[in-house]
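Trainee: Could you walk me through this structure, please? I would like to learn how to read it step by step.

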Amino acid sequence: MKKIISAVLSLLMLLTSFEVRAEEGKIMNKKVLVAYFSATGTTAGVAAKLAKAIDADLFEIKPEQPYTEADLDWRNKKSRSSVEMNDLTSRPAIVSKVEDMERYEVVFVGFPIWWYREPTIVDTFMESYDFAGKTVIPFATSGSSSIGHSGENLQKCAPGAKVSGGRRFAADVSVDELKNWAEEQL
Ligand SMILES: Cc1cc2nc3c(=O)[nH]c(=O)nc-3n(C[C@H](O)[C@H](O)[C@H](O)COP(=O)(O)O)c2cc1C
């Protein structure tokens, strides 16, 4: 009898440990994409560090028409970025699409803060795919502004997604800090 009880207990313990491992595997095995737009390279640097930190695929949201220095002049009301950001329905075109977006469960979306929010080309990106059922985690770089309401804006572009508030990072954020933050999000 003792032997039977001990065998049943061992079996139960084995099954429980399998369940725990399967659960961990599910979290660890999530297919993750880091997509980013960067006009002057700062967000690109953070995105590359993040992708490396969590072993994710990396995709650049590249504008069909690259932004020139004049385009980015925020002091000039007629510059391209000023015109686009004054018309939040503007949707600047993107060069290419993510292949097989269906296979990603989690998508980090990075961008520079323009006028306290995401550039409208990021909205183009969000509206180009079916994000239903996916987790979207925004991140940004900026002069000093926070990520503000960008997460809510992204959510409006992808109603079926689960979009978090996200976070703004300094250009020199470490790989470790990004890793810890990303793991908290998953
Ligand atoms: C058109 C424009 C608007 C900007 N608006 C803000 C802003 O509202 N707040 C802020 O802190 N920085 C602002 N910045 C600075 C950028 O967010 C910052 O330089 C960012 O790190 C650039 O990222 P990138 O090199 O990936 O393009 C703005 C920059 C541009 C070009």
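Trainee: Which helix gives the most to the shell around the ligand?

Mentor: Happy to help! Keep in mind that this is a predicted model, where local features need pLDDT of at least 70, side-chain atom pairs count only at pLDDT 80 or more, and totals for chains, interfaces and linings use all residues. Residues are numbered from 1 along each chain as its sequence is written. Helices (H or I, at least four residues) and strands (E, at least two) are DSSP runs, numbered from the N terminus. With three residues, the top contributor is helix 2 (residues 42–54).

Trainee: Which residues around the ligand come nearest?

Mentor: A residue counts as near if its C-beta atom, placed from the backbone, lies within 6 Å of the molecule. There are 20 residues around the ligand, and the nearest are Ser38, Thr42, Thr43, Pro112 and Gly143.

Trainee: How many residues of strand 1 are buried?

Mentor: Buried means that 20 or more other C-beta atoms lie within 10 Å of the residue's own, with exposed at 12 or fewer and partly exposed in between; C-beta atoms are placed from the backbone. On one side of strand 1, Val32, Val34 and Tyr36 are buried, and on the other, Leu33 and Ala35. For strand 1 (residues 32–36), the count is five of five.

Trainee: Which residue is the bridge partner of valine 34 in strand 2?

Mentor: Strands pair if DSSP finds at least two bridges between them. Strand 1 and strand 2 (residues 57–60) run parallel, joined by four bridges. Opposite valine 34, the partner is leucine 58.
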